Amino acid sequence: MMVCMMLNGSPVTAPKMLLLDRVDFEPSCYVFKLDQPLFLRPGDQIWAERSSVVVQRTVTGLVERPAGSMDAERWAYKLL
């Protein structure tokens, strides 16, 4: 099962193994859609940098910039 993760400007540490297909940005309505699923291990950190996502691996210390694209997602609300 793939999930999405929400970033709000600070690095986020993965609490457990996660498989992401997108990253949402708070407070705006931007979404980074990954070209390939991204596997995070516990302790890996992820954050936003400009219009991309950056991942630092805990075990190796390597920094990765997964491929993908930033899209604006618009939500339409209808009050009943």
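**Exercise 1. Determine which residue forms a salt bridge with Asp44, and where the two partners lie in the chain.**

Asp44 pairs with Arg57 in a salt bridge whose closest N and O atoms are 2.8 Å apart, a salt bridge being a side-chain nitrogen of Lys or Arg within 4 Å of a carboxyl oxygen of Asp or Glu. The pair links distant parts of the chain, 13 residues apart, with Asp44 in the loop between β4 and β5 and Arg57 in the loop between β6 (52-56) and β7; strands are DSSP runs (E, at least two residues), numbered from the N terminus. This is a predicted model, in which local features need pLDDT of at least 70 and side-chain atom pairs count only at pLDDT 80 or more, while totals for chains, interfaces and linings use all residues. Residues are numbered from 1 along each chain as its sequence is written, and side-chain values use heavy atoms, with hydrogens and water left out.

**Exercise 2. Classify Asp44 as buried or exposed, and describe its surroundings.**

First, Asp44 counts as buried because its relative accessible area is 2% (buried means under 20%, exposed over 50%, partly exposed in between, with a 1.4 Å probe and protein chains only). Next, a polar atom of the Asp44 side chain lies 2.9 Å from the backbone nitrogen of Arg41. Finally, leaving aside neighbours within four places in sequence, Asp44 is in contact (heavy atoms within 4.5 Å) with residues including Val12, Thr13 and Gln56.

**Exercise 3. Extend the analysis from Arg57 to find which residues form one salt-bridge network.**

Arg57 also forms a salt bridge with Glu64, the closest N and O atoms being 3.0 Å apart. Shared partners therefore join Asp44, Arg57 and Glu64 into one network. Within this network, Arg57 is buried at 11% relative accessible area, whereas Glu64 is partly exposed at 30%.

**Exercise 4. State where the salt bridge between Arg65 and Glu49 lies, and how exposed each partner is.**

The side chains of Arg65 and Glu49 meet at 3.0 Å, N to O. This pair links distant parts of the chain, Arg65 being in the loop between β7 and β8 (68-72) and Glu49 in strand β5, 16 residues apart. Arg65 counts as exposed at 52% relative accessibility, and Glu49 as partly exposed at 30%.

**Exercise 5. Identify which strand has the lowest mean pLDDT, and consider how to read the model.**

The chain averages a pLDDT (the predictor's confidence in each residue, from 0 to 100) of 82, and 76% of the residues score at least 70. Among the elements, strand β1 (residues 3-7) has the lowest mean, 63, and strand β7 (residues 63-64) the highest, 94. Where pLDDT is low, the predicted coordinates should not be read in detail.

Technical notes:
Polar contact = N/O pair within 3.5 Å; in protein donor to acceptor, adjacent residues only side chain to side chain. Helix = DSSP H or I, 4+ residues; strand = E, 2+ residues; numbered from the N terminus.
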